[in-house]
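I opened the model to look up its fold, its charged pairs, its cysteines and its surface. My entries follow in the order in which I went on to check things.

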Amino acid sequence: VDEVSYGFLMDAATRNGSAGLMKVIAKGGTEIEKLSKQLEQQHANHATKIEKLRREKRAKLKELEQQCAKHVAEIDIFCCKEQAKLVKWISTLSKKGGAG
C-alpha cells in the first residue's frame, strides 16, 4: 500500500471508525472488481481483433499463392510456345541446309 493510500485509509478509520474503514475497503474492492472486468473485456476484444487479423492474413496469403501458381502456369505456357517456335526455326534451318 503506498503512502497516499495508507493515509487515505487511516484518515477514513480516524474519522469514521472501523465501519468507515470497512466502507472504504469495500468500495476499493468494488473498484478493483470493476477494473478487472474492464481488463477482461479489453483482453477479449484484443484476442478477437488478433484472430480477425490472422484470418485476413491467411486469406491474403492464400490469394497470393493462387496468383503465384497462375503466373507460374502462364510462364510455363509461354516457355512451351517459345520452345516450339525455336524447334520450328531450327527445323527450317536444317531443311535449308544450314544457317547461311
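**Charged pairs along the helix**

I began with K60, which counts as partly exposed because its relative accessibility is 42%. I note here that the model is a predicted one. I then looked for the partner of K60 and found that its side chain meets that of E63 in a salt bridge, at 3.8 Å from N to O. Both E63 and K60 lie in helix α1, three residues apart, which is about one turn of the helix. E63 is also partly exposed, at 35% relative accessibility.

I asked myself how many salt bridges the structure holds. The count is five. I took up two more of them in turn.

The next pair I looked up was E82 and K85, whose closest N and O atoms are 3.1 Å apart in a salt bridge. E82 and K85 are again three residues apart in helix α1, about one turn of the helix. I checked both for exposure: E82 is partly exposed, with a relative accessible area of 32%, whereas K85 is exposed, with 52%. K85 gets that label because exposed means over 50% relative accessible area.

I also noted a network: E51, R54 and R58 are joined into one by salt bridges that share partners. Within this group I looked at R54 and E51, which form a salt bridge with their closest N and O atoms 3.9 Å apart. That pair passes because the cut-off is within 4 Å. R54 and E51 are three residues apart in helix α1, so about one helical turn separates them. R54 is partly exposed at a relative accessible area of 49%, and E51 is partly exposed at 30%.

As a general remark for my own use, side chains of opposite charge can pair when their charged atoms come close.

**Fold and burial**

I turned to the secondary structure and found one helix and zero strands in the protein. Helix α1 covers residues 3-96. What share of the 100 residues is buried? I read off 4%. The accessible surface of the protein comes to about 9,100 Å². Carbon and sulfur atoms account for 62% of that surface.

**Cysteines**

I checked for disulfides, and the count comes to zero. I wanted to know why C80 has no bond to C79. The closest cysteine sulfur to that of C80 is the one in C79, and it lies 7.1 Å away, which is too far for a bond. The cut-off that settles this is 2.5 Å between cysteine sulfur atoms. I looked at C68 as well: C68 counts as partly exposed, at 45% relative accessibility.

**A nonpolar patch**

My last search was for nonpolar side chains at the surface. Which residues make the nonpolar surface patch? L86, W89 and I90 make it, with an area of about 330 Å². I90 is found in helix α1. Is I90 exposed, partly exposed or buried? I entered it as partly exposed, because its relative accessible area is 43%. That value is over the 30% which a patch residue needs.

Notes:
Residues are numbered from 1 along each chain as its sequence is written. This is a predicted model: local features need pLDDT of at least 70, side-chain atom pairs count only at pLDDT 80 or more; totals for chains, interfaces and linings use all residues. Side-chain values use heavy atoms; hydrogens and water are left out. Patches are made of residues with over 30% relative accessible area and no salt bridge: like charges are joined within 9 Å, nonpolar side chains (Val, Leu, Ile, Met, Phe, Trp, Tyr) within 5 Å. Accessible areas come from the Shrake-Rupley method with a 1.4 Å probe; for residues, only the protein chains shown count as cover. Helices (H or I, at least four residues) and strands (E, at least two) are DSSP runs, numbered from the N terminus. Buried means under 20% relative accessible area, exposed over 50%, partly exposed in between (1.4 Å probe, protein chains only).
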